[in-house]
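Work through the exercises below with the sequence and coordinates open. Try each task before reading its solution.

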Amino acid sequence: MAIKDQYSLMRLSKTRLLNGLQCKKRLWLEVYKPHLAEAAAGSAAIIQTGIEVGTLAQSVLAPGGRLIDRHSQQALDDTRAELAKNPRSALYEATFEADDVMVRTDLLWPEGERYRIVEVKSSSRVKKHYLADCAIQWWVLQGAGYQPQTISIAHINKQFMLDSAPEDASYDGLFALADLTEQVADVLPEVSAWVAQAKSVIASDQPVIAMGPQCNKPHSCPFIMHCSSGTPVIERAISKFPSLKINSRHELIAEGYQDIGDVPDERAAQLAELRQPDERERWEAARQGKAWYSSQLSGILGALEYPRYYLDFESISFTVPRWPGTQPFEHLPFQWSVHIEQRSGKLDHDEFLDVSGKPPMRALTEAMISCLGNTGPIIVFTSYERTRLRELAKRYPDLSEALQAIIERLFDLHPVLKHHYYHPEQNGSFSIKSILPCVLDDSEINYQALEGVRDGLAAQHAYLEAINPDTSAERREEIRRQLLEYCKLDTLAPLKIINTLQQ
Ligand code: SF4
């Protein structure tokens, strides 16, 4: 039997069917070339959170249910047997099949002759693409002879607050239920066509599909690296030039221009965004592959008083809250770094990090207030620190006056660079890690030379590993050191950028 015929005979999972709706090529590659997929950074943590949320939903929403813990044909057999034996009990992961499509329902309750389905999601709201997910489940149950009564999404209720330590806490109220039964009825007639299309994709040669918005919608596709390999890199891409509005970018691209250098002067002169002299200079510098500085940049940076404080936070957010008084998805700081620069050039550094696993926010706030003194600008990059400081002021009313005084001293470097600096090698990005190599030599600051933790996402994963009780003391100490080194660079980088650009 030919390989394609064998695949044509296999079952389709709900996930494959949904991925085929995102992109037929994605479905084909998943079946025939899965080794080309590259997991996105953080996907293991997302899967882990999904498991944690799913297990909690079982005990909170359907206590006492029974788990179908085997797979494929055995799961189908177990589900049928359980429903025949106990027609009134809830089932977790009940499994059904119709027309070679197999689905597992997160939570299922028999209700008379019908069934109530709940799909559990780790998000804080109902997203548009959940509808297809629910419609496929309904279609399969119906096709398998188990008529659904209702289908709902259980998502995380952002207003939920943990009232005590997790081992004593009640998680009632963590989930909000949204009934999608009516919306599912509207799309149900389309499901047969989705299934037929997926089967036809699998039975055919690889579809030819250009990359486009579907590559990141509704999920980032794991084949992006594969599909984009061989695509020529445009060095001064019009699509990335920051001053152009989206309409102007689309117009230029529709006229056949991809690179800033290809746009004739007369055409550039027609662009309203380039009428400001500064913007026209930025455009010209980008055409020549050079850095652009506005005439005001050096003055703005030179006006910063001393001592200058450079502040950066690292924070963690839990889908299921772990610390009393916290809510889902809250950003909870666990670390800060501060560099203090005197006019003489003298540099001091201070830092805070708590990897004990206990709530670090109070001690972190008190130590930061005492480190930041009473005068001098506090330089941050983006509004992230400002938002965290406001949240801390709300959490600790007795510290809010001191925190408000800190907020008033903040100086955000990010918008300043956005308006007054550009290098085409930033490729449209104004993240500190994109600007840094344009302003400084690699030998001065190099995130890639760090061990283990090189970006904010890695810092969050490292912190989670450090506070895990199963992590050894040696490993915890190693993570602690890596986190401290990483956060220290995050405050040294803006300091070096300012000192270089000020000149
Ligand atoms: S990267 Fe884009 S074009 Fe390629 S398979 Fe994924 S969604 Fe399809």
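Four exercises follow, each with a worked solution.

This is a predicted model: local features need pLDDT of at least 70, side-chain atom pairs count only at pLDDT 80 or more, and totals for chains, interfaces and linings use all residues. Residues are numbered from 1 along each chain as its sequence is written, and side-chain values use heavy atoms, with hydrogens and water left out.

**Exercise 1. Overall layout**

Task: State how many helices and strands the protein chain has, and list its domains.

Solution.
- Count DSSP runs: helices are H or I with at least four residues, strands are E with at least two, both numbered from the N terminus. The protein chain has 20 helices and 14 strands.
- Read the domains from an automatic or database domain assignment. Domain 1 is 3-202, domain 2 is 238-286 and domain 3 is 291-503.
- Take centres over C-alpha atoms. Those of domain 1 and domain 2 are 47 Å apart.
- Box the C-alpha atoms along the principal axes: roughly 80 × 60 × 40 Å.

**Exercise 2. Enclosure of H18**

Task: Explain why helix H18 is described as largely enclosed.

Solution.
- Apply the cut-offs: buried means under 20% relative accessible area, exposed over 50%, partly exposed in between (1.4 Å probe, protein chains only).
- H18 spans residues 432-439, and six of its eight residues are buried, so the rest of the structure largely encloses this helix.
- Those buried are Ile432, Ser434, Ile435, Leu436, Cys438 and Val439.
- Find their partners by contact (heavy atoms within 4.5 Å). They pack against helix H17 (413-420), strand S14 (421-422) and helix H20 (473-502).
- For the chain as a whole, 45% of the 503 residues count as buried.

**Exercise 3. H2 against H6**

Task: Give the packing angle of H2 and H6, then classify it.

Solution.
- Fit axes to C-alpha atoms over the stretch in contact; angles run from 0 to 180 degrees between N-to-C directions.
- H2 (residues 14-22) and H6 (residues 130-143) pack at about 135 degrees, axes 10 Å apart.
- That makes H2 oblique to H6. Under 35 degrees is roughly parallel, over 145 roughly antiparallel, 65 to 115 roughly perpendicular, and the rest oblique.
- Lys14, Leu17, Leu18 and Leu21 of H2 meet Ala132, Asp133, Ile136 and Gln137 of H6.

**Exercise 4. H15 against H16**

Task: Classify the crossing of H15 and H16, and name the residues in contact.

Solution.
- The axes of H15 (residues 384-395) and H16 (residues 400-408) come within 9 Å and cross at roughly 165 degrees.
- H15 is therefore roughly antiparallel to H16.
- H15 contributes Arg386, Leu389, Arg390, Leu392 and Ala393; H16 contributes Ser400, Leu403, Ile406 and Ile407.
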